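Colleague: I am new to reading protein models, and I would like to learn how to go from the inside of a fold to single residues. Could we work through an example together?

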Amino acid sequence: MKKAEVKNFAMPDEVREFPKGKVDVIKVSGATVGRAVLEPGWRWATSVKSCEAAHFQYHVSGVLRIRMDDGTEFDCKPGDVSLLPPGHDAWVVGNEPVVVVDFQGMINYAKSL
């Protein structure tokens, strides 16, 4: 029988810092969950042309604009849940930091930065 597990982002298993942001990573029963804090001015395309990871995320605060490689563009706001396939760019809109909790795409996110 599996045991219950509880973890908290206040004590992450790993912290990955990068220009204008960071990701706190916790591992729970084999799953990797990340909380990203992205400061105003952060944009994925400044690191790579297009993100090739899929993301399934809950948007806690701030506005994150997404542009898919096919040109589709939309904003994710607090309370939204987004499922993003590989092939997108994203950036912070406005002066409020973006906080997202990602349940799928954080295994290798920002490891090479």
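Modeller: Let us begin with the interior, keeping in mind that this is a predicted model. The largest nonpolar core has 18 residues, and those with the most contacts inside it include Val23, Ala36, Leu38 and Trp42.

Colleague: Which strands each supply at least two residues of this core?

Modeller: They are E2 (21–28), E3 (31–38), E5 (63–68), E8 (88–93) and E9 (98–102), and E5 gives the most, with three residues.

Colleague: What does Ala36 touch, not counting residues up to four places away in sequence?

Modeller: With those sequence neighbours left out, Ala36 touches Lys22, Val23, Val98, Val99, Val100 and Met106.

Colleague: Turning to a polar residue, is Ser82 buried or exposed?

Modeller: Buried means under 20% relative accessible area, and because Ser82 has a value of 6%, it counts as buried. Ser82 lies in strand E7, residues 81–84, and its side chain is joined to that of His59 by a polar contact of 2.8 Å. Leaving out residues up to four places away in sequence, Ser82 also touches His55, Phe56, Gln57 and Cys76.

Colleague: Which loop holds Lys20, and what is the phi of Lys20?

Modeller: Lys20 is found in the loop between strand E1 (14–18) and E2, and its phi is near 65°, a positive value in a residue other than glycine. At 47% relative accessibility, Lys20 counts as partly exposed.

Colleague: Where does Ser29 lie?

Modeller: Ser29 lies in the loop between E2 and E3, where its phi is positive, about 50°, although Ser29 is not a glycine. Its relative accessibility is 49%, so Ser29 counts as partly exposed.

Note on methods: Residues numbered from 1 in each chain as written. Predicted model: local features only at pLDDT ≥ 70, side-chain atom pairs only at ≥ 80, totals over all residues. Heavy atoms only, no water. Core = buried A, V, L, I, M, F, W, Y, C linked by side-chain atoms within 4.5 Å. Buried < 20%, exposed > 50% of the residue type's maximum accessible area, 1.4 Å probe, protein only. Helix = DSSP H or I, 4+ residues; strand = E, 2+ residues; numbered from the N terminus. Contact = heavy atoms within 4.5 Å. Polar contact = N/O pair within 3.5 Å; in protein donor to acceptor, adjacent residues only side chain to side chain.
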